[in-house]
Amino acid sequence: MWDMYELGIACTVFGVPHTDLADPWYDLWLCGMQAGTALSGPGFVLNTPHGMDRLADADTVIVPAVPEACIDGDLELPEELLRALRRAAAAGARMVSLCNGAFALAAAGLLDGRRATAHWSHIPTLARRYPKVRVDESVLYVDDGDVLTSAGLSGGLDLCLHLVRRDLGARVANQLARLMVVPAHRPGGQAQFVEQVVPVTDDDGIAPVLHWAVENLDRPLTVDALAERAGMSQRTFHRHLRAATGTTPMRWLLNQRLSRAQSLLESTDLPIDKVSEHSGLGTANNLRHHFALHMGVSPTDYRRAFPSASPAGNGQD
């Protein structure tokens, strides 16, 4: 039996056209060892219309899962698959794995010397079998430029939305996440395992406060003020927010402010200092600092990737 969850994530995010959000949308090809291959799962059969040769034409290759026997070493991954992955990477494709799909990228040698992750339960095996891989057990996903890997289950969804954010911008990724009724952005550095998982929407004490904060990011928000608004002590508020989001209040606020800044840079011609003010990051220098630290580019360079934003009035970096 093989897991359909990660494959379903990729098909949902990239295979369902959302031309109302971005046009053109992605063109998804489902590839198997041979064109027309039928794969049997628990109660269903999946037909793959394309063979491995199609990978050479792809801009992005996603390996959603491999059989459990291939993880344990009882079954070797087909050499044809590994050759196809290497050819795709050599042709310039962005290589992506979800959950235990990292074992296929590792077997192909594409993770050698790179930082990578997988589902926490598979991390020890991945590190033991592929010692050249810099395995990180503590993150949801790793973006290493042209090679990206994710943890299992919801970590795969986080990485797919991250790819949409990279390709099409924060506004499109946020709107897609809203359609899917999932958090718009969980940073890859967030821990995989949260002891107490409480969805924000189920925490009546904290959800209205977080919604209010997102609507008022231009204000000088503090943890004390948010805790008071929630009717909680600062310690209790911190505990509730950590359980609901997996991160700290200050980190959560910073992520929201960076997301707002991205949207403003993509869709408006506001000067950089105004973008920083509206997103609650204060000065233009502070915005530049956080963009360089968290995104590796300046706000102006980020804006240039979105021609819909007028260059007039952009300010200087």
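These are my notebook entries on a sheet, its packing helix and some salt bridges.

**Ground rules.** I'm working from a predicted model, so I kept local features to pLDDT of at least 70 and side-chain atom pairs to pLDDT 80 or more, while totals for chains, interfaces and linings use all residues. Residues are numbered from 1 along each chain as its sequence is written, and side-chain values use heavy atoms, with hydrogens and water left out.

**Entry 1, the sheet.** I looked up the strand order first and got S3-S4-S8-S7, an open sheet of four strands with mixed pairing. Strands here are DSSP E runs of at least two residues and helices are H or I runs of at least four, numbered from the N terminus; two strands pair if DSSP finds at least two bridges between them. At the edges I find S3 (60–63) and S7 (141–143), each pairing on one side only. Neighbouring strands are turned by 10 degrees against each other on average, direction ignored. For angles, axes are lines fitted to C-alpha atoms (for helices, over the stretch in contact), and values run from 0 to 180 degrees between N-to-C directions.

**Entry 2, S3 against S4.** S3 and S4 (residues 94–97) run parallel and are joined by four bridges. I checked Val63: its bridge partner in S4 is Ser97.

**Entry 3, the helix on the sheet.** Helix H6 (residues 154–168) packs here, touching S4, S7 and S8 (147–150); contact means heavy atoms within 4.5 Å. The direction of H6 makes about 150 degrees with that of S8.

**Entry 4, salt bridges.** My search of the whole structure gave eight, counting a side-chain nitrogen of Lys or Arg within 4 Å of a carboxyl oxygen of Asp or Glu. For exposure, buried is under 20% relative accessible area, exposed is over 50%, and partly exposed lies in between (1.4 Å probe, protein chains only).

- Asp167 pairs with Arg94, closest N and O atoms 2.8 Å apart. This one ties H6 to S4 across 73 residues. Arg94 is buried at 13%, whereas Asp167 is partly exposed at 31%.
- Asp136 pairs with Arg115 at 3.0 Å between the closest N and O atoms. Asp136 sits in the loop between S6 (134–135) and S7, and Arg115 in S5 (residues 115–116), 21 residues apart. I have Asp136 as buried at 16% and Arg115 as partly exposed at 32%.
- Arg86 pairs with Glu79, again with closest N and O atoms 3.0 Å apart. Arg86 is partly exposed at 31%, and Glu79 is partly exposed at 39%.
- Arg114, Asp144 and Asp146 turned up as a salt-bridge network.
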